[in-house]
Amino acid sequence: MKSDSSMDDDEAVTRSLAGDLSAYEALVARYSALAHRTAALLGAGDEAEDVVQEAFVKAYRHLASFRRDAPFRPWLLRIVANETHNLTRSRGRRSELAVRLGAGVEAAAPDDPAGAAVATDRRARLLRAVRALPEGERRAVVCRYFLQLTEAETAEVLDLPVGTVKSRTHRGLARLRKEVGSELA
């Protein structure tokens, strides 16, 4: 038997279904950071941790209905996206993004205050522009470019046809280009 960290998702799911909680813990450990980032980027903000916890609980409860011929990651992220949508809908207001964009924006040298200020300003402008996108476009852009999901994974996470993901991503990027220009490209 493989150690928990070396088993693949399929084996972890199989063992989890057989009652091996350590196998499910391996899945939680593997996808916690991505699930948290997904929830935060889709609008959970400060409540991302609660969303992720609820998503993992729901995933475990419904693991028996998981299609074994499909990849686990998009299935889990779809649950996270649905939980985030439920949260933002219950708030009765438009989703907010609480994003840490360290990976997406070049970092300034610590000894370069002017560069740090520019990087902070760019990040803030990008966040404002992403927040201002219509929800469908924002969710597609977040999945594709902030979470680096494929079009097929994004379609599965958002429960949309791939063509819709493509068109929403295209429209969202066009709006972002118009809003922030090419300086962030």
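This is a short tour of the model, stop by stop, with what to select and what is there.

**Before you start**

The model is predicted, so to speak of local features a pLDDT of at least 70 is needed, side-chain atom pairs count only at pLDDT 80 or more, and totals for chains, interfaces and linings use all residues. Residues are numbered from 1 along each chain as its sequence is written, and side-chain values use heavy atoms, with hydrogens and water left out.

**The whole chain**

Begin with a cartoon view of the protein chain. The secondary structure comes to 8 helices and 0 strands, giving the pattern α-α-α-α-α-α-α-α along the sequence. Helices here are DSSP runs of H or I with at least four residues, strands are runs of E with at least two, and both are numbered from the N terminus.

Now colour by burial. Of the 185 residues, 41% are buried; buried means under 20% relative accessible area, exposed means over 50%, and partly exposed lies in between, with a 1.4 Å probe and protein chains only. Switch on the surface: its accessible area is about 10100 Å², and 51% of that belongs to carbon and sulfur atoms. These areas come from the Shrake-Rupley method with a 1.4 Å probe, and for residues only the protein chains shown count as cover. Among contacts between residues at least 6 apart in sequence, 64% join residues at least 24 apart; a contact means heavy atoms within 4.5 Å.

**Stop 1: helix H2 and its kink**

Select residues 21–44, which form helix H2. Its 24 residues have end C-alpha atoms only 27 Å apart, short of the 34 Å that a straight helix would reach at 1.5 Å a residue. That expected span is 1.5 Å times one less than the number of residues. Where is the kink in H2 centred? Look at Tyr31: the kink there is about 50 degrees, the bend being the angle between axes fitted to the seven residues ending at a residue and the seven starting there.

Move along H2 to Ala40, which is buried with a relative accessible area of 8%. Draw a distance from the C-alpha atom of Ala40 to that of Val51: the two residues are 11 apart along the chain and their C-alpha atoms are separated by 9.1 Å. Just after H2, Gly45 takes a positive phi of about 55 degrees.

**Stop 2: the aromatic cluster**

Keep Tyr31 selected and add Phe66, Phe72 and Trp75; ring pairs link these four into a cluster. The structure holds 5 aromatic pairs. One of them, Phe66 with Phe72, is edge-to-face, at 5.8 Å centre to centre and 80 degrees between the planes. Rings of Phe, Tyr and Trp (its six-membered ring) pair if their centres lie within 6.5 Å; planes under 30 degrees apart count as stacked, over 60 as edge-to-face and the rest as tilted. Both Phe66 and Phe72 are buried.

**Stop 3: Arg68 in its loop**

Next select Arg68, in the loop between helix H3 (48–61) and helix H4 (72–91). Arg68 is partly exposed, at 35% relative accessibility. Which residues does Arg68 touch, not counting those up to four places away in sequence? They are Asp10, Val13, Thr14 and Leu17. Arg68 and Thr14 are 54 residues apart in sequence and 9.0 Å apart in space, C-alpha to C-alpha.

**Stop 4: helix H7 and the loops beside it**

Select residues 151–158 for helix H7. Its buried residues are Glu153, Thr154, Ala155, Val157 and Leu158. Is Glu153 buried or exposed? At 17% relative accessibility, Glu153 counts as buried. Leaving aside neighbours within four places in sequence, Glu153 is in contact with Arg73 and Pro74. Thr154 has a relative accessible area of 0%, and with the same neighbours left aside its contacts are Ala140, Cys143, Arg144, Leu149 and Val165.

From Thr154, step across to Arg144: its charged end sits over the ring of Tyr145, 5.4 Å from the centre. For this, NZ of Lys or CZ of Arg must be within 6 Å of the ring centre and within 35 degrees of the ring normal.

Finish with two loop residues. Most residues other than glycine have a negative phi. Gln148, in the loop between helix H6 (135–146) and H7, is not a glycine but has a positive phi of about 60 degrees; Gln148 is exposed at 64% relative accessibility. Asp159, in the loop between H7 and helix H8 (162–180), also has a positive phi of about 60 degrees and is exposed, with a relative accessible area of 51%.
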